[in-house]
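Colleague: I'm new to reading models like this one. Pick one part, please, and take me through it slowly, then show me how it sits with the rest.

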Amino acid sequence: MSSPAGSAFPRLLPILVAQGFGVACGVAGVKLNSQLIPPEILGFYGVFLSLTPLGLWVVHAGLVKFVGRHWNAAPSRPALLHQGVRLWARRLPALALLALLAALPLAQLSGSPAAWAWLAVFPTAALVAFGGLAQSALQAERAHWRDCAVSVCGSASRTFAPLACFVLGSGTLSALWTGFGLHALLFAGAGALALRSYWTNASASVSASPLGSAYSGPWFVVVATSGWVLSAINRWLVALRFGETEAGYFTLAGGAALVVSATLGSVFLQFFQPGFFTLGDHAQSLQPLARRVDRVALGYSVTGLAAVSGLALASPWLVGPLISERYREALPWIFPAGCFGVATLTTGFYQSLLLAGRRESACGPVELATAIVLAGGCAISALLGRDWFSSWLVVTPLVPWILTRPLARYYLFR
């Protein structure tokens with residue numbers, strides 16, 4: 001995990017700046033959300049947020065992963081970018097259909113018109129996917145300052161645009177949806193601007209798709225869908241099983257915990273993943289790669305759980321200064337939600353291991369097995385009651401080490 005200080009710090013600084021700004025926006029968001037948005041509205045907004053990554057994590061997931069894995073080695077980055085944008089556009093009809101299927105239950109749950117729910121989900125998911133595609137290229141290139149600018153724009157707009165629209169829109173759920181759509185537009189625009197040097201000088205035509213079957217076949221679709229399910233399932237379960245008010249508490253607590261777990265995960269992944277890919281491309285043996293990923297994943301897990309624990313212990317003192325009194329009942333959800341976040345992010349390191357080792361096809365069985373265990377445990381424990389559900393979330397960080405790591409290493413060395 002170590003790097004010479006002189007070479008590591010210049011790369012780490014913009015990552016820390018971006019994530020530090022994201023933490024500041026997250027803290028401000030927790031405070032303002034708890035003061036301005038009632039729990040029952042925040043619960044429905046949390047369900048909507050679970051649908052916004054449908055493009056990034058499902059329909060366009062293979063494209064985003066491919067760009068991140070092969071951007072550095074591409075003979076022509078402008079050509080790859082132009083082709084990637086064309087492939088992004090070609091998949092929009094599939095995203096439109098998926099957004100319709102997702103918008104129908106969202107509309108029924110929130111009492112909003114189905115057409116308005118679809119108009120909120122589809123363009124937002126498409127723009128978020130485009131921004132994610134741009135960041136994948138920037139991070140692969142280690143263009144960390146440009147990626148920092150995109151992240152800062154995304155963090156600020158994600159936090160403040162929905163709140164501004166909510167206040168100006170008379171406190172309606174649709175105003176929150178509109179504000180998040182504005183964030184998605186700004187995020188995608190910042191990503192396009194950060195790649196402006198590659199929009200020209202592309203070859204006249206790139207006839208063949210850069211995607212292989214490992215990134216576009218059924219297994220990768222399963223992997224992508226399972227990742228989205230894990231990101232969304234708990235908000236849906238809490239809303240359906242325990243009611244919209246409890247869903248509002250869980251959304252606020254999960255957002256606070258995500259500020260910690262996801263920020264640390266982003267720092268670890270952005271700093272170390274390009275090195276994984278370089279090591280996988282040039283190492284004579286895959287053993288050094290596997291050991292390096294193990295050390296990084298363990299470092300993240302320990303750091304993430306310690307940070308989430310500290311936040312949960314400090315949370316009673318945050319009521320008043322940071323969290324509104326009416327959200328006090330959200331505090332018991334912070335530690336369980338944070339543990340689940342650490343678990344899902346830890347599994348991502350082993351997907352990176354398989355991609356770096358050019359075992360892309362193995363991502364399917366490994367990710368699917370992990371998702372079945374995590375999601376199945378969430379669904380069963382939620383049916384048994386709140387205490388069972390909360391306890392299951394707390395033990396989920398063991399799943400990557402008991403299941404995901406052994407499976408990933410098996411396929412890596414097979």
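Modeller: Let's start with a word you'll need: a helix here is a DSSP run of type H or I with at least four residues, and helices are numbered from the N terminus. Keep in mind that this is a predicted model. The part I'd pick is the turn from one helix to the next, where H8 begins.

Histidine 144 sits in helix H8, which covers residues 144–168. Is histidine 144 buried or exposed? Its relative accessibility is 5%, and the cut-off for buried is under 20%, so histidine 144 counts as buried. Now look for arginine 69: along the chain, histidine 144 and arginine 69 are 75 residues apart, and their C-alpha atoms are separated by 16 Å.

Step back a little and you reach arginine 142, in the loop between H7 and H8. Its phi is near 60 degrees, which is a positive value in a residue other than glycine. With a relative accessible area of 34%, arginine 142 is partly exposed. You can find a positive phi in another loop too: arginine 358 isn't a glycine either, and its phi is about 55 degrees. That loop runs between helix H14 (334–356) and helix H15 (363–384). Arginine 358 has 45% relative accessibility, so it counts as partly exposed.

Now for the charges. How many salt bridges does a search of the whole structure find? There are 6. One pairs arginine 328 with glutamate 325, with 2.8 Å between the closest N and O atoms. Arginine 328 counts as partly exposed because its relative accessibility is 39%. Some bridges share partners, and in this way Arg77, Glu141 and Arg146 are joined into one network. That brings us back to our turn: within it, arginine 146 bridges to glutamate 141, and their closest N and O atoms are 3.1 Å apart. Arginine 146 is partly exposed, at 28% relative accessible area.

Aspartate 294 and arginine 409 make another salt bridge, with the closest N and O atoms 2.8 Å apart. This pair links distant parts of the chain: aspartate 294 is in helix H13 (residues 287–318), arginine 409 is in helix H17 (residues 399–413), and their positions lie 115 residues apart in the numbering. Both aspartate 294 and arginine 409 are buried.

Next, some empty space. Rolling a probe the size of a water molecule over the atoms shows where empty space is left. Searching the whole structure turns up 3 cavities of 30 Å³ or more. The second largest has a volume of about 70 Å³. Which residues line the second largest cavity? They are Val67, Leu81, Val85, Phe130, Leu133, Ala134, Ala137, Leu195 and Trp199. Two elements give two or more residues to this lining: helix H5 (77–90) and helix H7 (114–141). H7 gives the most, with 4 residues. As for character, the lining has 9 nonpolar residues, no polar ones and no charged ones.

Val67 takes us to helix H4. Why can we call helix H4 (residues 61–70) largely enclosed by the rest of the structure? Because 9 of its 10 residues are buried. Those buried residues are Ala61, Gly62, Leu63, Val64, Phe66, Val67, Gly68, Arg69 and His70. Notice that Arg69, which we compared with histidine 144 earlier, is on that buried list.

For contrast, take a look at the outside. Leu97, Leu100, Leu101 and Leu104 make a nonpolar surface patch of about 370 Å². Leucine 100 is in helix H6, which covers residues 92–110. Its relative accessibility is 36%, so leucine 100 counts as partly exposed. Then try leucine 230, which is found in helix H11 (residues 218–242). Leucine 230 has 11% relative accessibility and therefore counts as buried. From leucine 230 to proline 10 is 220 residues in sequence and 34 Å in space, C-alpha to C-alpha.

To come back to where we began: histidine 144 is buried, while arginine 142 in the loop is partly exposed.

Terms used. Residues are numbered from 1 along each chain as its sequence is written. This is a predicted model: local features need pLDDT of at least 70, side-chain atom pairs count only at pLDDT 80 or more; totals for chains, interfaces and linings use all residues. Side-chain values use heavy atoms; hydrogens and water are left out. On a 1 Å grid over the protein atoms alone, a cavity is a set of points where a 1.4 Å probe fits but cannot get out, and a pocket is an open set with protein on both sides within 12 Å along at least five of seven lines; lining residues have an atom within 4 Å of a point. Grid points are joined across faces, edges and corners, and a volume is the space filled by probe spheres set on the points. Ala, Val, Leu, Ile, Met, Phe, Trp, Tyr, Cys and Pro count as nonpolar, Asp, Glu, Lys and Arg as charged, and the others, Gly among them, as polar. Patches are made of residues with over 30% relative accessible area and no salt bridge: like charges are joined within 9 Å, nonpolar side chains (Val, Leu, Ile, Met, Phe, Trp, Tyr) within 5 Å. Accessible areas come from the Shrake-Rupley method with a 1.4 Å probe; for residues, only the protein chains shown count as cover. A salt bridge is a side-chain nitrogen of Lys or Arg within 4 Å of a carboxyl oxygen of Asp or Glu. Buried means under 20% relative accessible area, exposed over 50%, partly exposed in between (1.4 Å probe, protein chains only).
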